[in-house]
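Colleague: I am new to reading protein structures, and I would like to learn how to go from the picture on the screen to careful statements. Could we work through one example together?

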Amino acid sequence: MRIGQGIDVHAFGPGDHVVLAGVHILHERGLIAHSDGDVVIHALCDALLGALALGDIGHHFPPGDPRWKDVNSRHLLLHCAALMIERRYELANADITVICERPKIGPHVDAMRRNLSIDLGCAIGDVSVKATTSEKLGFTGRGEGIAASAVVLLQRRREKVNVSVGSTPELRALVGRLEPDLEGG
Ligand SMILES: Nc1ccn([C@@H]2O[C@H](COP(=O)(O)O)[C@@H](O)[C@H]2O)c(=O)n1
Ligand SMILES: C[C@@]1(CO)OP(=O)(O)OP(=O)(O)OC[C@H]1O
């Protein structure tokens with residue numbers, strides 16, 4: 001088993017929505033970032049990379065690299081999931097906390113968990129997303145940005161990846177590359 005944790009913060013700036021765990025949430029401000037600013041996925045990527053002792057998100061996707069300009073962060077998560085699978089680990093569970101006064105996260109939690117479980121190739125029950133305010137204290141309390149914290153536990157993969165759970169074309173292609181006998185399965 002391997003444990004990892006990750007933290008990310010993005011400041012509010014101009015815009016009319018935020019993207020959290022791939023979910024588009026209407027808001028009177030956006031998040032300033034090189035990518036789509038998905039602070040939840042960035043924290044989760046750092047937790048996965050930390051568990052694998054493979055550096056951090058900035059090492060894999062350097063800030064300022066034009067390839068990652070406005071990128072959908074789910075692509076970054078798929079890359080980290082690929083690194084996990086290549087090293088023959090699977091997610092045991094992930095627990096994520098979003099810290100902000102607004103927007104309200106509760107109504108979006110199920111959609112967020114669904115996106116993350118698809119990208120990680122796991123059951124939705126293995127991914128927890130929750131939220132808290134910071135009671136108006138600190139930068140999140142002043143409404144200056146959103147912070148996210150993620151913890152993951154990885155376990156050795158005993159069986160082949162269940163491609164029927166995480167069935168995005170990207171993950172199926174990856175599994176097909178790693179385990180050619182599963183191709184088309
Ligand atoms: N951005 C947020 C913040 C909180 N919630 C939900 O509200 C509950 C109470 O938050 P406190 O910070 O006052 O403890 C929290 O447990 C979340 O369920 C939210 O949805 N979005
Ligand atoms: C996601 C990356 C991609 O360039 O950039 P940002 O969207 O700015 O996000 P951040 O968490 O500040 O840095 C990590 C980078 O890898």
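Modeller: We shall go from the overall fold to the sheet, then to the helices, and then to single residues and the ligands. Please keep in mind from the start that this is a predicted model.

Colleague: How many helices and strands does the protein chain have, and in what pattern do they follow each other?

Modeller: A good habit is to list the elements before looking at how they pack. Here the protein chain has six helices and seven strands, and read along the sequence they give the pattern β-β-β-β-α-α-α-β-α-β-α-β-α. Of the 185 residues in the protein chain, 39% count as buried. Among contacts between residues at least 6 apart in sequence, 71% join residues at least 24 apart.

Colleague: What is the order of the strands in the open sheet, and which are the edge strands?

Modeller: To read a sheet, one asks which strand pairs with which, and in what sense. The open sheet here has five strands in the order β4-β1-β7-β5-β6, with mixed pairing. The edge strands are β4 and β6, each of which pairs on one side only.

Colleague: How many bridges join β1 to β7, and do they run parallel or antiparallel?

Modeller: Strands β1 and β7 run antiparallel and are joined by ten bridges. Two examples of bridge partners show how to follow the pairing: Q5 is matched with V151 in β7, and V9 is matched with A147 in β7. β1 is also joined to β4, residues 30-31, by two bridges, again antiparallel, and there F12 has L31 as its partner. On the other side of the sheet order, β5 and β7 pair in the antiparallel sense over ten bridges, with E90 standing opposite Q155 and D95 having V151 as its bridge partner in β7.

Colleague: Is there a general idea about side chains that I should carry with me when I look along a strand?

Modeller: Yes, in a regular strand the side chains alternate between the two faces of the sheet.

Colleague: Which strands does α1 lie across, and at about what angle does it run to β1?

Modeller: For a helix packed on a sheet, one names the strands it crosses and then gives an angle between directions. Helix α1 lies across β1, β4, β5 and β7, and it runs at about 155° to β1. Helix α4, residues 109-120, lies across β5 and β6 and runs at about 145° to β6.

Colleague: Is D95 buried or partly exposed?

Modeller: One counts the C-beta atoms around the residue. D95, which is found in strand β5, has 16 other C-beta atoms within 10 Å and is therefore partly exposed. Leaving out residues up to four places away in sequence, D95 touches S128 and V151. The C-alpha atoms of D95 and S128 are separated by 4.7 Å, although the two residues are 33 residues apart along the chain.

Colleague: Which residues does the UniProt annotation "binding site" cover?

Modeller: An annotation comes from a record, and one should then ask where its residues lie in the model. The UniProt annotation "binding site", from an unreviewed entry, covers D8, H10 and H42. They span 35 residues in sequence, yet no two of their C-alpha atoms are more than 10.0 Å apart, so they gather at one spot.

Colleague: Why does H10 count as buried, and why is H42 buried?

Modeller: H10, in strand β1, counts as buried because it has 20 C-beta neighbours inside 10 Å, and 20 is the number at which burial begins. H42, in helix α1, is buried because 27 other C-beta atoms lie within 10 Å. Apart from neighbours within four places in sequence, the contacts of H10 include L31, I32 and V39, whereas H42 touches D8, I57 and S73.

Colleague: Which residues are around ligand 1, and which are around ligand 2?

Modeller: One lists the shell and then sorts it by class. Around ligand 1 are C100, K104, I105, G106, A131, T132 and T133, which divide into three nonpolar, three polar and one charged. Around ligand 2 the residues include D8, H42, F61, D65 and W68, and that shell has five nonpolar, five polar and two charged residues. D8 and H42 thus appear both in the annotation and around ligand 2.

Key:
Residues numbered from 1 in each chain as written. Chains lettered and ligands numbered in written order. Predicted model: local features only at pLDDT ≥ 70, side-chain atom pairs only at ≥ 80, totals over all residues. Near = placed C-beta within 6 Å. Nonpolar A, V, L, I, M, F, W, Y, C, P; charged D, E, K, R; others polar. UniProt positions renumbered as here; feature names shortened; annotations may be inferred. Helix = DSSP H or I, 4+ residues; strand = E, 2+ residues; numbered from the N terminus. Buried ≥ 20, exposed ≤ 12 C-beta atoms within 10 Å, placed from the backbone. Contact = placed C-beta atoms within 7 Å. Pairing = 2+ DSSP bridges. Axes fitted to C-alpha atoms, helices over the stretch in contact; angles between N-to-C directions.
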